[in-house]
Amino acid sequence: MTHIDCAVLAVPTANKAAYLEMTKSMAAIFKENGALSVVDVWSDNAPDGEVTSFRKAVLATDDESIVVSWIIWPDKATAEAGMAAAMQDPRANPGP
């Protein structure tokens, strides 16, 4: 059965270009390790909700944008192995 990993995060809006460059590199690594698809959606309209919202969920500040990302894997076993392999890939942790 298809498995999807999803994340919602706040990213400083000023760092959008660097974030997109990083996610492009990570998408390639995830795909090399079995991912079928990697999607990053950069929100330009994620208003605060009265009770809850994406912005409240990640405690976003005014200078941050909301990003919703997901990775589609063929199954959970591939997701677990692929994520572990991707996190060990030196390209995923380039250092200073």
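1. A pocket, in the sense used here, is an open set of grid points, each a place where a 1.4 Å probe fits, with protein on both sides within 12 Å along at least five of seven lines. In this model, which is predicted, the largest pocket has a volume of about 270 Å³, and several of the points below return to the residues around it.

2. Before turning to that pocket, it helps to have the overall layout in mind. The protein contains 3 helices and 3 strands, and when these elements are read along the sequence they follow the pattern β-α-β-α-β-α. The C-alpha atoms fill a box of roughly 40 × 35 × 15 Å, taken along the principal axes. Of the 96 residues in the protein, 28% are buried, while the area that the protein exposes comes to about 6,300 Å², with carbon and sulfur atoms supplying 58% of it. Among contacts between residues at least 6 apart in sequence, 75% join residues at least 24 apart.

3. Which residues lie nearest the centre of the largest pocket? They are Y19, F30, D40, S69 and I71, and they belong to a lining of 17 residues. By class, this lining consists of 13 nonpolar, 2 polar and 2 charged residues. At least two lining residues come from each of β1 (3–12), α1, β2 (37–42), β3 (64–73) and α3 (76–88), and α1 gives the most, with 6 residues.

4. The largest nonpolar core is made up of 11 residues, namely M26, A27, I29, F30, A35, V38, I71, W73, A79, A86 and A92. The elements that give two or more residues to this core are α1, β3 and α3, and the largest share, 4 residues, comes from α1. A student comparing this point with the one before may notice that F30 and I71 are named among the residues nearest the pocket centre and also among the members of the core.

5. F30 deserves a paragraph of its own. This residue is placed in helix α1, and it counts as buried because its relative accessibility is 9%, where the cut-off for buried is under 20%. Leaving aside neighbours within four places in sequence, F30 is in contact with A35, V38, I71, W73, M83, A86 and M87. One of these partners, W73, is 43 residues away from F30 in sequence, yet the two C-alpha atoms are 9.3 Å apart in space. M26, another member of the core, is in contact with M87 and A92 when its neighbours within four places in sequence are left aside.

6. Is K24, which also lies in helix α1, buried or exposed? K24 counts as exposed, because its relative accessibility is 68% and the cut-off for exposed is over 50%. Its C-alpha atom is separated by 9.3 Å from that of D40, a residue 16 places away along the chain. M22 lies in helix α1 (residues 16–32) as well, but with 40% relative accessibility it counts as partly exposed. The C-alpha atoms of M22 and R91 are 9.9 Å apart, although 69 residues separate the two in sequence.

7. A further point concerns R55, a residue of helix α2 (residues 54–57). R55 has a relative accessible area of 12%, so it is buried. Not counting neighbours within four places in sequence, R55 is in contact with A46, P47, D48, A60, T61, D62, E64, S65 and I66.

8. S65, one of the contacts of R55, is found in strand β3. With a relative accessible area of 10%, S65 is buried. Apart from residues up to four places away in sequence, S65 touches L9, A10, V11, T13, W42, S43 and R55. The C-alpha atoms of S65 and A46, which are 19 residues apart along the chain, are separated by 7.9 Å.

9. The last point is about the backbone at L59, a residue in the loop between α2 and β3. Most residues other than glycine have a negative phi. The phi of L59, however, is near 55°, a positive value in a residue other than glycine, and a careful reader may therefore wish to look at this place in the structure. L59 is exposed, with a relative accessible area of 71%.

Technical notes:
Residues are numbered from 1 along each chain as its sequence is written. This is a predicted model: local features need pLDDT of at least 70, side-chain atom pairs count only at pLDDT 80 or more; totals for chains, interfaces and linings use all residues. Side-chain values use heavy atoms; hydrogens and water are left out. Buried means under 20% relative accessible area, exposed over 50%, partly exposed in between (1.4 Å probe, protein chains only). On a 1 Å grid over the protein atoms alone, a cavity is a set of points where a 1.4 Å probe fits but cannot get out, and a pocket is an open set with protein on both sides within 12 Å along at least five of seven lines; lining residues have an atom within 4 Å of a point. Grid points are joined across faces, edges and corners, and a volume is the space filled by probe spheres set on the points. Ala, Val, Leu, Ile, Met, Phe, Trp, Tyr, Cys and Pro count as nonpolar, Asp, Glu, Lys and Arg as charged, and the others, Gly among them, as polar. A nonpolar core is a set of buried Ala, Val, Leu, Ile, Met, Phe, Trp, Tyr and Cys residues joined through side-chain atoms within 4.5 Å. Contact means heavy atoms within 4.5 Å. Accessible areas come from the Shrake-Rupley method with a 1.4 Å probe; for residues, only the protein chains shown count as cover.
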